[in-house]
Amino acid sequence: MSDLLERLRARGWRMTSQRRVVAEVLDGDHVHLTADEVHARAVARLPEISRATVYNALGELVSLGEVIEVSTDGRAKRYDPNAHRPHQHLVCSRCGTIRDVHPAGNPLTDLPTDQRFGFTVSAVEVTYRGLCPACA
């Protein structure tokens with residue numbers, strides 16, 4: 001389970017009822033919801049929460065670096081609360097399901113020096129693609 005709520009409390013993020021609900025909806029392993037999915041789940045917990053409030057909270061969480069915005073294949077952006085745990089993504093090419101994966105090795109250092117072209121590499125994004133069991 002992700003530790004999103006604890007991280008936000010430690011940062012002193014103003015925890016209104018709306019923000020808390022958005023954070024609770026996002027909290028967990030392998031959570032990669034769209035903004036509309038976050039809104040739908042938030043409304044189930046707090047019926048008066050608006051779509052704008054959800055979008056604003058998501059924007060703040062991304063700006064704080066507490067949530068990662070994941071874009072794949074022109075699909076709707078998804079929000080990943082596991083921002084502080086190095087990982088890659090496994091994406092189903094058909095339905096778009098996303099899972100966090102932790103392959104062996106360090107992709108940041110695995111790039112050979114002669115392939116860096118003088119760059120100082122600071123981040124790596126690797127996406128594995130295939131078909132999930134339901135789509136295979």
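1. Contact here means heavy atoms within 4.5 Å, and helices (H or I, at least four residues) and strands (E, at least two) are DSSP runs, numbered from the N terminus. With that in hand, helix 3 is a good place to start: its buried residues pack against helix 2, strand 1 (33-34), helix 4 and strand 3 (78-80). Please keep in mind that this is a predicted model, where local features need pLDDT of at least 70, side-chain atom pairs count only at pLDDT 80 or more, and totals for chains, interfaces and linings use all residues. Residues are numbered from 1 along each chain as its sequence is written, and side-chain values use heavy atoms, with hydrogens and water left out.

2. Which residues of helix 3 are buried? They are A35, V38, H39 and A42, where buried means under 20% relative accessible area, exposed over 50%, and partly exposed in between (1.4 Å probe, protein chains only). These residues sit on the same side of helix 3, because they cover an arc of only 100° around the axis. The arc is taken from the directions from the helix axis to the C-beta atoms.

3. Now to the nonpolar core, which is a set of buried Ala, Val, Leu, Ile, Met, Phe, Trp, Tyr and Cys residues joined through side-chain atoms within 4.5 Å. The largest one has 22 residues, and the members that touch the most others are V22, L26, V38, V54, L58 and L61. Two or more residues each come from helix 1 (4-11), helix 2 (17-26), helix 3 (35-45) and helix 4 (51-64). Helix 2 gives the largest share, five residues. As background, nonpolar side chains tend to be buried together in soluble globular proteins.

4. L26 deserves a click in your viewer. Setting aside neighbours within four places in sequence, L26 is in contact with L4, V31, V38, L58, L61, V67, Y79 and P81. One of these partners, V38, is also among the buried residues of helix 3.

5. Next, the sheet. Three strands form an open sheet in the order 1-3-2, with antiparallel pairing; two strands pair if DSSP finds at least two bridges between them. Strand 1 and strand 2 (68-70) stand at the edges with a single partner strand each, so one side of each has no neighbour in the sheet. Strand 1 pairs with strand 3 in the antiparallel sense over two bridges. To find your way along this pairing, look for T34, which stands opposite R78 in strand 3.

6. How many salt bridges does the structure hold? There are nine, a salt bridge being a side-chain nitrogen of Lys or Arg within 4 Å of a carboxyl oxygen of Asp or Glu. E66 takes part in one with R7, where the closest N and O atoms are 2.5 Å apart. E66 lies in the loop between helix 4 and strand 2 and R7 in helix 1, so this pair ties together parts that are 59 residues apart in sequence. Both E66 and R7 are buried.

7. E66 also meets R11 in a salt bridge (2.8 Å, N to O). This pair links R11 in helix 1 to E66 in the loop between helix 4 and strand 2, 55 residues apart. R11 is partly exposed, with a relative accessible area of 44%, whereas E66 is buried at 3% relative accessibility.

8. A further salt bridge joins the side chains of R19 and E60 (2.5 Å, N to O). Since R19 lies in helix 2 and E60 in helix 4, the pair ties together parts that are 41 residues apart in sequence. R19 counts as buried at 16% relative accessibility, while E60 is partly exposed at 28% relative accessible area. Elsewhere, D3, R7, R11 and E66 are joined into one network by salt bridges that share partners.

9. On the cysteines: a search of the whole structure finds zero disulfides, a disulfide being a pair of cysteine sulfur atoms within 2.5 Å. Why is C92 not bonded to C95? C95 holds the closest cysteine sulfur to that of C92, but at 3.7 Å it is too far for a bond. C135 is likewise in no disulfide, and the nearest cysteine sulfur, that of C132, is 3.7 Å away. C92 counts as buried at 3% relative accessibility, and C135 counts as buried at 16%.

10. Finally, S122 is found in the loop between helix 5 (107-110) and strand 6 (127-130). S122 is exposed, with a relative accessible area of 67%. The C-alpha atoms of S122 and L108 are 7.3 Å apart, while the two residues are 14 residues apart along the chain.
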